[in-house]
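Open the model in your viewer and keep the selection panel at hand. The stops below go strand by strand and pair by pair.

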Amino acid sequence: MQTTGPITAIVFAALALSIAEASAFDDALYPNLKGQWRSVGGPMRFDPAKPWGPGQQAPLTPEYQALFDANLIAQAEGRQGETPTYTCLSPGMPRVTNGYGQIEFVITPDTTHILVQHIHDNRRIYTDGRDWSAAREATFLGYSIGKWVDTDGNGKYNVLEVETRLLKGPRVYDNTGLMLHPDNQSVIKERIYLSKTEPNLLIDEITVTDNALTRPWKVLKSYKRDPSPQPYWREDVCAEGNSHVFIHGENYMLSADGELMPAKKGQQPPDLRYFNQAKQ
């Protein structure tokens with residue numbers, strides 16, 4: 001029985017090519033981002049260096065400053081304001097950079113993955129040289145194209161430059177309800193690199209250009225690596241234990257005994273017409 005032929009030759013050629021491509025990827029050319037990372041200073045604010053509340057420091061247009069202030073009043077009354085993630089909707093970009101859980105980086109020849117187990121936070125950054133013509137559907141996380149660069153000139157990559165577009169909403173920066181413009185024309189640029197003095201400290205320079213801002217907004221975020229060689233990866237499922245119930249545009253809560261309860265003072269119960277039908 002003949003064991004070689006055109007088909008077999010093609011298979012072996014494809015296998016040889018894949019092995020060659022795999023061997024061509026030298027991870028020593030890339031920064032060591034292995035391990036588990038967590039946000040420094042907590043994940044609750046987009047700009048950890050600035051105070052928050054009325055008059056906070058985001059460069060909002062007057063219209064969106066007024067909307068943000070109204071949102072803070074709504075939150076003070078027990079409502080959720082503009083932040084949509086309490087129903088386990090994806091935080092979207094740039095909010096996922098806040099780092100709500102354990103973060104892991106996976107670098108491949110064509111893609112850098114940033115994995116965060118929380119809601120829908122996992123990012124895929126294409127580094128294969130593609131352009132924006134490959135972009136298709138708008139998503140909460142957007143479409144990210146990146147490029148590894150060697151800024152030190154030593155033959156090794158040390159900075160990942162990323163641009164993210166093609167976003168959809170609703171999206172806010174953090175749990176204050178600070179919103180992005182609903183036209184979803186945001187452009188988010190990042191420079192991600194390890195600290196030169198602390199190898200377990202990762203820096204993400206983020207610049208947001210958005211029509212709700214008077215100018216591009218640049219913030220500096222950092223993440224600390226767990227020194228353990230075998231860190232514990234805790235499961236984090238947003239829907240598990242979520243006590244929010246969203247009914248006809250209103251947020252309600254489940255009490256500790258599993259009963260529906262108001263989420264704000266004076267809130268009327270939802271329409272119960274389908275529970276009050278006479279037995280037929």
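Which side chain does Glu205 meet in a salt bridge? Select Glu205 and Arg191: their side chains form that salt bridge, at 3.6 Å from N to O. Keep in mind throughout that this is a predicted model.

**Stop 1: the Glu205 pair**

Colour the two strands that hold these residues. Glu205 lies in strand β8 and Arg191 in strand β7, so the salt bridge ties together parts that are 14 residues apart in sequence. Now switch on the surface. Glu205 counts as buried, at 14% relative accessibility. Arg191 counts as partly exposed, at 29%. Add Lys218 to the selection. Salt bridges with shared partners join Arg191, Glu205 and Lys218 into one network.

**Stop 2: the hairpin**

Select residues 201–209, strand β8, together with β7. The two strands pair in the antiparallel sense, over 8 bridges. They form a hairpin, and 6 residues lie between them. For a register check, pick Lys189: Thr207 in β8 stands opposite.

**Stop 3: the other neighbour of β7**

Next, select residues 159–165 for strand β6 and residues 187–194 for strand β7. This pairing is antiparallel too, with 6 bridges. Pick Val162 and look across: it stands opposite Glu190 in β7.

**Stop 4: Glu190 and its partner**

Stay on Glu190 and add Arg123. The two form a salt bridge, with the closest N and O atoms 2.6 Å apart. This pair links distant parts of the chain: Arg123 sits in strand β4 (residues 123–126) and Glu190 in strand β7, 67 residues apart. Are the two ends buried or exposed? Arg123 is buried, with a relative accessible area of 6%. Glu190 counts as buried as well, at 3% relative accessibility. Both values fall in the buried class because its cut-off is under 20% relative accessible area.

**Stop 5: Arg165 and Glu163**

Move on to Arg165 and Glu163. They form a salt bridge, and the closest N and O atoms are 2.5 Å apart. Check the surface again here. Arg165 counts as partly exposed, at 35% relative accessibility. Glu163 is buried, with a relative accessible area of 17%.

**Last stop: the full set**

How many salt bridges does the count come to? Show every one in the viewer: the count comes to 8. Among them are Arg123 with Glu190, Arg165 with Glu163, and Glu205 with Arg191.

How values were computed
Residues are numbered from 1 along each chain as its sequence is written. This is a predicted model: local features need pLDDT of at least 70, side-chain atom pairs count only at pLDDT 80 or more; totals for chains, interfaces and linings use all residues. Side-chain values use heavy atoms; hydrogens and water are left out. Two strands pair if DSSP finds at least two bridges between them. Helices (H or I, at least four residues) and strands (E, at least two) are DSSP runs, numbered from the N terminus. A salt bridge is a side-chain nitrogen of Lys or Arg within 4 Å of a carboxyl oxygen of Asp or Glu. Buried means under 20% relative accessible area, exposed over 50%, partly exposed in between (1.4 Å probe, protein chains only).
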